[in-house]
Amino acid sequence: MAGAAEKKLADLGIVLPTPAAPVANYVPFVRTGNLLVISGQLCFDGDGKLATKGQLGGGVSIEDGAKAARACAINLLTQLKAALGDLDKVTRVVRLGGFINSAPGFADGPKVMNGASDLMVAAFGDKGRHARTTIGVSALPLDAAVEVEGSFEVS
C-alpha cells in the first residue's frame, strides 16, 4: 500500500518508474546511519529516454530545463523507494546538487533546479525543504540537460 508521499505523487500524476541501473563502476545509493546519498540521476522519462538533451542557454529553454530537473527528481525518488521500500521513511531532504548542461554565460541554473526542488516539497511538504547547490557544466553524460544528486535523512 502506498504511503502519504506516494499518494501525493499519484495526485500529481507521477508513477515511479523502474530504477535505472548504474552505467559504470558505482552504486545507485549508499546508506550510512540515517543518511542516504543517491548518485546523480539523469533526466530520463518514464520510457527510459532523455526528457531533454542539450545546453541551457544554447537551445534548451529554462522551462524545458526545469522539466528535466523534475524528471531527475522523479528518478531520485525512484532510487529512494528502491533503497527504503517506503518513501515515508524519509525524515528530511537534506541536500540536492544540480548539474546544468550550460552554454557559456548561462546564469539561470537556479531557475532550472527549481523543477527538482519544487517536486521534493510537493512530495514531502516541509520535510522536503533542503539545502541546494546548482553548478553549470559544459557537458553531461549522453548530452543530458540536467543531472541531480541528493542526500536524505531516513528512518
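**Exercise 1.** Work out which strands helix 2 lies across in this predicted model.

*Solution.* Start with the helix itself: helix 2 spans residues 62-84. Helices (H or I, at least four residues) and strands (E, at least two) are DSSP runs, numbered from the N terminus. Next, look for contact, meaning heavy atoms within 4.5 Å. Helix 2 lies across strand 1, strand 2, strand 3 (90-101) and strand 5. Finally, take the direction: helix 2 runs at about 140 degrees to strand 2. Axes are lines fitted to C-alpha atoms, for helices over the stretch in contact, and angles run from 0 to 180 degrees between N-to-C directions.

The model is predicted, with local features needing pLDDT of at least 70 and side-chain atom pairs counting only at pLDDT 80 or more, while totals for chains, interfaces and linings use all residues. Residues are numbered from 1 along each chain as its sequence is written, and side-chain values use heavy atoms, leaving out hydrogens and water.

**Exercise 2.** Find the strand order of the sheet and explain what sets its edges apart.

*Solution.* Two strands pair if DSSP finds at least two bridges between them. Five strands then give an open, mixed sheet in the order 1-2-5-3-4. Strand 1 (29-32) and strand 4 (131-137) each have a single partner strand, so one side of each lacks a neighbour in the sheet. Now zoom in on one pair: strand 2 (residues 35-42) and strand 5 (residues 146-154) are antiparallel over six bridges, and L36 stands opposite F152 in strand 5.

**Exercise 3.** Place helix 3 against the sheet.

*Solution.* Helix 3 (residues 109-124) lies across strand 3, strand 4 and strand 5. Against strand 3, helix 3 runs at about 160 degrees.
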